[in-house]
Amino acid sequence: MSQRHILALYSNFNEAEAVVKELRATPIKGFDVNKDLTVKSPIEHPEVEEFLGNKPVYVQWFTLGGALMGGLLGFFLISAAQGNFYAQFKGGKPIVPFPPNFVLTYEMFILGGVFISVLGFLICAGLPARRSPLYSAKVSEDQIGILVKSDEGAANTLKAIFAKHQALEIQEEAGK
Amino acid sequence: MKDIREDIAWAKINQDVLNSLENPRKLYWVILFVAIAMLGVALGCEVYQYNVGMGVSNMDNPHMWGLYIASFIFWIGMSHSGTLLSAILHLMHADWRKPIYRFAEAMTTFSLMTAGLFVAVHLGRVWQIYYALPYPNERGAWPNFQSPLLWDAMAIFTYLSSSIIFLYVGMIPDLAICRDRMHEGWRKKLYTLLSLGWEGTDRQWRNFRVTYLTVACFLIPLAVSVHSIVASDFGMSQQPGWHITSFPPYFVAGALYSGCAAIITLFIILRYVFRFEEYMTLPILKKIVRLTFAIAMVWTYLNAVEFASVWYSHDQASKDVLIQKASGTYAPFWWAMIFCGSIVPLTLAFKRFQTNIPVLFAVSLLLNLGMWLERWMIVAPTFSHGIYPWTWDHDQWPSFVQWGMVFGSFGWFTLLFMVFCKVFPSVSMYEVKEMVYHRSQATKKLEATGEFAAAGKGAH
């Protein structure tokens, strides 16, 4: 069955929350609220996460991996370079001295953590991205958008729910 | 008085900030012109020094660092308050940072870029900067990984790249606003490219929040480590006047101090030039001023600790350097440093001056003059009164080439900073909206429960 994309715009978070709650409470064939619903907002709003339900964030795992990788890479690269001095006279000093190497290991730990966190962010947030089928510049100004993807048969029910909650504007487009 | 009006419409916030990108006051162009002229002086001096040799800078043995390394430390220090304070205030949920953190972070980035130039310039043969980079020479020998100078290179690279990332990631939602609102042209193309297709979806915001917080957590220890390592350049040597245990915290406090003073200066300039009176408000300025005063007192205390520990250490060479600073050739500058760094900030303790813009502008410039003198007074006196008596008659006065380069570095920084503010939004639009939204919600809640009237003041 062909699919539709519908975007409804609201003037505040309370209206958007009421819509999401009604969509959750109403079983609609051809529309899964957990998969097919996206809320777009001009600001980061913790309540959006609450009414959408807990969705996992994996960026911190990238951070952990990046920091450990950076630290280990830093330490072993420095140690390998210092190993080049093996044949040279070291005056009884250790070939791989831990205290001074700690400083660079620490810097590499942070560098790896920061770089890979941002990589993780791009992957997890799906960026860079092409514009979604429906996008309104008003979302980056002062309106809250609710974008849904559904089977064609469910489109009218969804539009009726959006209209019931005083949507400022409803846009519709055929999707894949 | 509230930090910001809670009834500003979100569309107006967009409009005001976007207007700043296209219609600044005429003073903007004057500043830009002066900055380019100052940069021209530095370029002239560098070309002259490059062609003729380091002799024209009046540097000799043992004065190998001069104003160049003093300015390097100054600019590294200047960079500290931007990203570090932004990260700390973000973790502490101090939302008054929101209208001012963007330009402070930009200040960090451009200060670091300015600082890096001095390292190259002080070498004379600028290409030899590769000796500070971790790769082997033609004989297979690597740089000394136990040297604080190499740590410096790594720490500054990490700090610069992380600060740029922090600045950029925090700017993505605003770049999307610019993309949506700008007319066709090079700006729209630039913002479209840099905003990465941001649409403000719940998925994007969720991951954005965690990433921004994580990077902020990394930046705090990183910023402290960077200036501690710069302090190690001095503290780990055996030179009198430098071999001091308290140097790392002293450097970090000094860095925060000069950074805060610079934030005040730039706050006042941007507020006027870009018509940001509604966002960069006097109550926010008052908070920065109080923070600066507190840091000034920490710096003063650490100075006193340094003097006392040198005086009572019975290390004659260190004591001689301290005496020489206070009574020798450099005495006027040393006392000027004490005056600008410890006496002038006392004006910030008075309420009437905490929002007096002309006074604050003058004070912030004097504070930074004091902090620049502090760095010079760390570098020069030790060279002219080291352990070996042959250094004792080597008072060195920098030539016009060194002064020209220092002068021009302010032009270079100003040029980069002002161009940034013209191309990218220097006030975070989405975060000011958050600030306005959350504060108005809190006020409504208080009004609903009747606590607002009882308290007789705003939510924050």
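Which residue is the bridge partner of A:Leu7 in strand 3 of chain A? It's A:Leu147, and the views below start around that pair. This is a predicted model, where local features need pLDDT of at least 70, side-chain atom pairs count only at pLDDT 80 or more, and totals for chains, interfaces and linings use all residues. Residues are numbered from 1 along each chain as its sequence is written, while chains are lettered from A and ligands numbered from 1 in the order in which they are written.

**View 1. Strands 1, 2 and 3 of chain A.** Strand 1 (residues 3-10) and strand 3 (residues 144-151) of chain A run antiparallel to each other, paired over 8 bridges. Strands here are DSSP runs of E, at least two residues long, and helices are runs of H or I, at least four long, numbered from the N terminus; pairing takes at least two DSSP bridges between two strands. A:Gln3 sits opposite A:Asp151 of strand 3 of chain A. Strand 2 (residues 37-40) of chain A also pairs with strand 3 of chain A, antiparallel over 4 bridges, and here A:Thr38 stands opposite A:Leu147. Strand 1 of chain A has 7 of its 8 residues buried, so it's largely enclosed by the rest of the structure. Strand 3 of chain A also has 7 of 8 buried, so the rest of the structure largely encloses it as well. (Buried means 20 or more other C-beta atoms within 10 Å of the residue's own, exposed means 12 or fewer, and partly exposed is in between, with C-beta atoms placed from the backbone.)

**View 2. Chain A, end to end.** Follow the sequence and you get β-α-β-α-α-α-β-α-β, or 5 helices and 4 strands. The domain assignment, automatic or from a database, gives domain 1 (3-55 + 135-175) and domain 2 (59-124). Their C-alpha centres lie 46 Å apart. The C-alpha trace spans about 85 × 35 × 30 Å along its principal axes. Of the 176 residues of chain A, 38% are buried.

**View 3. Where chain B meets chain A.** On the chain B side, 44 residues are in contact with 48 residues of chain A (C-beta atoms, placed from the backbone, within 7 Å). Helix 8 of chain B gives the most to this side, with 16 residues. The chain B side divides into 22 nonpolar, 13 polar and 9 charged residues. In this count Ala, Val, Leu, Ile, Met, Phe, Trp, Tyr, Cys and Pro are nonpolar, Asp, Glu, Lys and Arg are charged, and the others, Gly among them, are polar.

**View 4. Inside the largest nonpolar core.** This core holds 148 residues, and B:Ile76, B:Val226, B:Tyr257, B:Phe267 and B:Leu270 touch the most other members. A core is a set of buried Ala, Val, Leu, Ile, Met, Phe, Trp, Tyr and Cys residues joined through C-beta atoms within 7 Å. Helix 9 (residues 247-273) of chain B supplies its largest share, 17 residues. Leaving out residues up to four places away in sequence, B:Phe267 touches B:Ile100, B:Met280, B:Leu285 and B:Ile288. A second, separate core of 21 residues includes A:Ala8, A:Leu147, A:Ala155 and A:Ala167.

**View 5. Chain B as a whole.** It's 16 helices and 0 strands in chain B. Its C-alpha atoms fill a box of roughly 75 × 55 × 40 Å along the principal axes, and buried residues make up 47% of its 460 residues.

Key:
Two residues are in contact if their C-beta atoms, placed from the backbone, lie within 7 Å.
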